[in-house]
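Subject: Structure handover and findings

Dear colleague,

Please find below the structure I promised to pass on to you, with its sequence. My notes on what was found in it follow directly after.

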Amino acid sequence: MKIKQVTPSIKIFFVSLVALSLGGWQFGFYLGAYDTIFFHYVFSVWFISLAFVLAYFFLPKAQRPFNASALFPLIMPTVWLLLEITKAVMPDNTLIYFTSTIFGVVTLCFCVPYIVYLLISITQSEALNLQPKNLLWYLVLTVFLIFAIAYFVGKNHHIFLTCHDFQISGEAIPENCWKNTME
């Protein structure tokens with residue numbers, strides 16, 4: 001099968017689609033299969049946001065790709081992580097528990113998309129200028145659909161995977177996995 005001539009916008013669309021869908025798939029599947037957000041995702045958000053904050057202060061003012069107002073959503077993951085540590089040290093403190101939960105929700109729903117936006121804006125700004133304009137919305141919609149499908153597959157992993165599949169991949173075995181007796 002011969003591929004037609006691909007425009008630069010379509011190339012950028014597919015590169016962005018693959019990169020974002022891969023992250024969305026892994027996050028969605030694990031959230032569905034284990035009903036939790038794994039620590040490595042939390043730490044990834046934290047160290048990326050921290051790297052942006054440090055870069056802001058290390059770069060000369062004239063070369064900073066974003067202004068100081070971007071620092072607020074970038075420090076939220078650090079505050080959330082500190083609240084999580086405080087929550088572990090003081091597990092009976094209701095105020096810390098609820099504050100940490102609120103910061104976690106805000107970080108996941110608003111700060112993470114903003115961090116992704118900054119990352120794309122700086123490293124692959126062409127993706128934000130896809131032509132026609134609806135390609136950007138198709139990109140966002142497709143990644144969201146991939147996440148939703150991954151979450152569904154993760155929630156219903158017993159239909160798709162056996163306990164053995166999780167075991168040989170080195171993953172933790174979910175409680176409700178399918179124990180294939182023929183293995």
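In what follows, a residue is called buried when its relative accessible area is under 20%, exposed when it is over 50%, and partly exposed in between. Please keep in mind throughout that this is a predicted model.

To begin with the overall picture, the protein has seven helices and zero strands, and along the sequence these follow the pattern α-α-α-α-α-α-α. The C-alpha atoms fill a box of roughly 65 × 60 × 25 Å along the principal axes, and the accessible surface comes to about 12,200 Å², with 72% of it belonging to carbon and sulfur atoms. Of the 183 residues, 28% are buried. Among the contacts with a separation of 6 or more, 60% are made by residues that are 24 or more positions apart. As for charge, there are 9 positive and 8 negative side chains, and the centres of these two sets lie 21 Å apart.

Turning to the interior, the largest nonpolar core consists of ten residues, namely V45, F52, V53, Y56, F66, A70, L71, L74, I115 and L118. Helices α2 (39-58), α3 (71-89) and α4 (94-123) each supply at least two residues of this core, and α2 gives the most, with four. Another core, of nine residues, lies apart from the largest one and includes I12, L17, I120 and V143. Within the largest core, Y56 is one of the ten members, and, if its neighbours within four places in sequence are left aside, Y56 is in contact with R64, F66, N67, A68 and L71.

The aromatic residues deserve a paragraph of their own. The count of aromatic pairs comes to 17. One of them is formed by Y114 and Y117, whose ring centres are 6.2 Å apart and whose planes meet at 35 degrees, so this pair is tilted. Both tyrosines, Y114 and Y117, lie in helix α4, three residues apart, which is about one turn of the helix. Are these two rings buried or exposed? Neither word fits, because Y114 has 26% relative accessibility and therefore counts as partly exposed, while Y117, at 43%, also counts as partly exposed. Elsewhere in the list of ring pairs, W25, F29, Y30, Y34, F38 and F166 are linked into a cluster.

Two members of that cluster, F29 and F166, appear again around H157, a residue that has its place in helix α6 (residues 157-160). With residues up to four places away in sequence not counted, H157 touches F29, A33, F166, P174, N176 and C177. Its relative accessibility is 0%, so H157 counts as buried.

Finally, there is one backbone detail that you may wish to look at in the model. Most residues other than glycine have a negative phi. D35, although it is not a glycine, has a positive phi of about 55 degrees. This residue, D35, is found in the loop between α1 (8-34) and α2, and, because its relative accessibility is 54%, D35 counts as exposed.

With best wishes

Key:
Residues numbered from 1 in each chain as written. Predicted model: local features only at pLDDT ≥ 70, side-chain atom pairs only at ≥ 80, totals over all residues. Heavy atoms only, no water. Core = buried A, V, L, I, M, F, W, Y, C linked by side-chain atoms within 4.5 Å. Buried < 20%, exposed > 50% of the residue type's maximum accessible area, 1.4 Å probe, protein only. Contact = heavy atoms within 4.5 Å. Areas by Shrake-Rupley, 256 points an atom, 1.4 Å probe, with all protein chains shown as cover. Lys, Arg positive; Asp, Glu negative; His and termini not counted. Charge placed at Lys NZ, Arg CZ, Asp CG, Glu CD. Phe/Tyr/Trp six-rings, centres within 6.5 Å; stacked < 30°, edge-to-face > 60°.
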